Amino acid sequence: MQTLNALIRQCRIAAFWFALLSALPARAGTYDLVIDQKAVNVTGRERTALVANGSLPAPTLRWREGEEVTLRVTNRLDEPTSIHWHGIVLPYDMDGVPGISFPGIPPGETFTYRFKLRQSGTYWYHGHSAMQEQLGLMGAIIVEPVKGDTHTYDRDYMVILSDWSDEKPHRVLSKLKKQSDYYNFQKRTVFDFFRDLSDKGGKETLADRLAWGEMRMDPTDIADVTGYTYKFLVNGQTSEANWTALFKPGERIRLRFINGAAMTHFDVRIPGLKMRVIQADGQDVEPVDVDEFRIAVAETYDVLVEPRETRAYTIFAEAMDRSGYARATLAPRRGMRAEVPALRPRPLVSLAEMGAAHGMNHGSSDHGAHAATDHSPATETGTSGHEGHDMAGMDPAAMPDMNHAISSHASHEGHAMADHGQEHADTGHRVLSYADLKSAEKHADWREPDREITLRLTGTMNRYIWSFNGKKYSEAEPIRLKYGERVRFTYINETMMNHPVHLHGMWQDLDNGKGPFNPRKHVVNVKPGETVHVDVPVDAPGEWAFHCHLVYHMETGMFRKIIVEYPDTAVKKGA
Amino acid sequence: MTPSLDNHFIRHSIPVFVAAVLMVFGSGRAAAQLDDVIYNYLKFERFEYEGNDNIHLFKWDIEGWTGSDYNKLWVKSEGDYVFDQGIFGRADLQLLYSRNIATFWDAQIGVRRAFEPERTFDGVIGVQGLAPYFFETEAAMFISENGNVLGRFKLAYELLLTQRLIAQPRVEINVSADDIENRGVKAGITEFEAGLRLRYEIVREFAPYIGFDYVEEQSLLEHKHTVRAVAGFRAWF
């Protein structure tokens, strides 16, 4: 008997060590997420948010590269739900898009996601049903690299930006359908017209108004949904609540920015601190030091900052249309706060950009289109003198003399450039652009694409219909790709909105002229009138979603199903 | 005039209309995609007192629709009530099937029932949309049971004084192809109306306004032109 017990004990010890050893290289974590409603009070009025495990935003999931994760997602709502693991490479039936990857999670049921992590970095997850991300159903994912971090840092904080509305998303969409400029309270007035007449002369002003009038578009249409209804949040906190991250002077802090907003691009800066961008969309990039970066909806940027002074710093995230901001604080002690900058003037979409989109000032050649867009500033305040009341407070990156800074990049003609920023000669204020992004690692699979698919980003703001190639999701056939091929997607933005294009399951290698070091992204923002090329290594069989990540654009038709088939054999469901 | 032809038109417009209704709602049901959802809209474009020393009217111009991006069912009603006489000067109701035929344009077909000044039943064909340079445009042709052809053309523009204070100049022209003896209608422009309304959008959906209308009416009996002050509200939901 005693020998038997001893044997059992020996076995147990052996089992323990076996388990421990085998767990080290490949952890297998099980995580439970319970999706439920929760009463929240963001604006002073009680509203219902959607939460995971009672938390808004949903809890941060910390995983490890190589880990086999099991996620049990339970739906306690009275409507279907789903969770999409944004940016994570996984089998398509684990991707969490109802109607494509799986049927969704019915009320009261639990769906178990299982996949192995083959990547590291900062990602996020969000609901993919009925605009639930707009109601707060999103959270951060951190996947630790198995080889250890490339960069050292003392502290690590999530900075999740979001836009909260007291209005239900279906109500917002309904309003947009009935009056698409419902939320725009920054339109040009009669007085702006007269101001332009005196500042720029009759000819230019009239030409400008006639050109916009002919297109039936509005250059102030920077954001469809604005601060009129949105409160912009950092980690679920309002600017007044002032979410604060602590540091000791001299420490190096990693800030993982995630734009979990439904509709809002942010311009982020921390006055007094340079930010070293080390990751974009979870992928290591060659470090770039900037003063500001624009984060499109669903993008992530990881930055390092090194505050040396014993004072507070404001993390300031302006909505792209300047209708509001999200604010948080970096401080040595809780309760400290720094000055909150004033909102800069709202930008205007320039006619040059729309000219590119509408074929007014370039030849029909593809090449011409790039040239026209690459040189044009996306947010041109230069053409409208009245916005420059306070030049000192203006966005230096959007000032007229940025044009020569841009043209210094003209040698990259034909690649995705950005305009929003480049170094400003006078102030040295440097704004990150896509042109700055260079993958830290050479892509082993880099080669010339096998074929090209051109997608025009299309829509009618006036009717609030959004589409690819003029067809809504419900009207279009899926896009079919062959497993193993490399496809170049050319996005031609014919609209005057920015569209953050998200491909599920596969990477988009953004062609910014860096060849095998092109940045690898899950969301590529395409600016008004711009043409952007991305190369997609088609390495994930199955059915995938592809869409503009602005939730109301996605919902109204700017969405496609992509089917990746094995050559000569159709993919079977569940294969 | 060939009344039989037009009776024919009316008779046939009813099944067309029923088919259209089925299309509007059928399409919504068949395509469960969220990008083809049915919305409902009702707008009180004008809901106002209009008058001068001699005339006191209550006037309405209400329109609404239900439907998806491409297929809609429209209802429109216009009219006025004359306070001093206690009668409706004009009152009608249109039911239209509307189809999106171009980016900014819908074609509309349906019927109009006029209740005042007399009961008539007309077929309606028209277009409605946003013309270049942001002119809200509506043009319709009415064909009566007796074969009379009438037309209505509306043009409106919005001038932003501030983000909420909006001036809206507006023109409406009603025409008739022929004299219509029994209605006193004279061929040509029967009514010309030009006005300006200054509204304040307390919220987008609700805006009280003031303004004026210049109205010129031409009938077989008389030619009138009047200037009227207006006050009312614009509302939609």
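Two strands pair if DSSP finds at least two bridges between them; strands (E, at least two residues) and helices (H or I, at least four) are DSSP runs, numbered from the N terminus. The model shown is predicted, so local features need pLDDT of at least 70 and side-chain atom pairs count only at pLDDT 80 or more, whereas totals for chains, interfaces and linings use all residues. Residues are numbered from 1 along each chain as its sequence is written, and chains are lettered from A and ligands numbered from 1 in the order in which they are written.

**View 1. Strand β8 of chain A and its partners.** Strand β8(A) covers residues 138–144. Five of its seven residues are buried (20 or more other C-beta atoms within 10 Å of their own; exposed means 12 or fewer, partly exposed in between, with C-beta atoms placed from the backbone). Strand β3(A), residues 58–64, runs parallel to β8(A) and is joined to it by five bridges. In this pair Ala58(A) stands opposite Gly139(A). Strand β7(A), residues 121–127, is antiparallel to β8(A), with six bridges; here Tyr123(A) has Ile141(A) as its bridge partner.

**View 2. Strand β4 of chain A between β1 and β6.** The covered face of β4(A), residues 68–75, consists of Val69(A), Leu71(A), Val73(A) and Asn75(A). Glu68(A), Thr70(A), Arg72(A) and Thr74(A) make up the uncovered face. Strand β1(A), residues 30–41, is parallel to β4(A) and linked to it by six bridges, while β6(A), residues 110–116, is antiparallel to β4(A) and linked by seven. Thr70(A) stands opposite Thr30(A) of β1(A) and also opposite Arg114(A) of β6(A).

**View 3. An open sheet of six strands in chain A.** The strand order is β21-β20-β23-β28-β25-β26, with mixed pairing. β21(A), residues 465–468, and β26(A), residues 520–521, stand at the edges with a single partner strand each, so one side of each has no neighbour in the sheet. Two bridges join β26(A) to β25(A), residues 508–510, in the antiparallel sense; Lys521(A) is the bridge partner of Gln508(A).

**View 4. Helix α4 of chain A.** The 14 residues of α4(A) should span 20 Å at 1.5 Å a residue (counted for one less than the number of residues), and the end C-alpha atoms are 20 Å apart, which agrees. Thr205(A), Asp208(A) and Trp212(A) are its buried residues. They cover an arc of only 65° around the axis (taken from the directions to the C-beta atoms), which puts them on the same side of α4(A). On the face turned away from that side are the exposed residues Gly202(A), Lys203(A) and Leu210(A). Arg216(A), which follows the helix, has a positive phi, near 55°.

**View 5. Where chain A touches chain B.** In total, 22 residues of chain A are in contact with 21 residues of chain B (C-beta atoms, placed from the backbone, within 7 Å). The elements of chain A that give two or more residues to this side are α2(A), residues 169–178, and α4(A), residues 202–215. α2(A) gives the most, with three residues.

**View 6. Nonpolar cores.** The largest nonpolar core (buried Ala, Val, Leu, Ile, Met, Phe, Trp, Tyr and Cys residues joined through C-beta atoms within 7 Å) has 142 residues. Leu161(A) and Val277(A) have the most contacts inside this core. Among the residues that Leu161(A) touches are Val234(A), Phe257(A), Phe266(A) and Ile295(A), not counting residues up to four places away in sequence. A second, separate core of ten residues includes Tyr97(B), Phe142(B), Ile143(B) and Leu150(B).

Terms used:
Two residues are in contact if their C-beta atoms, placed from the backbone, lie within 7 Å.
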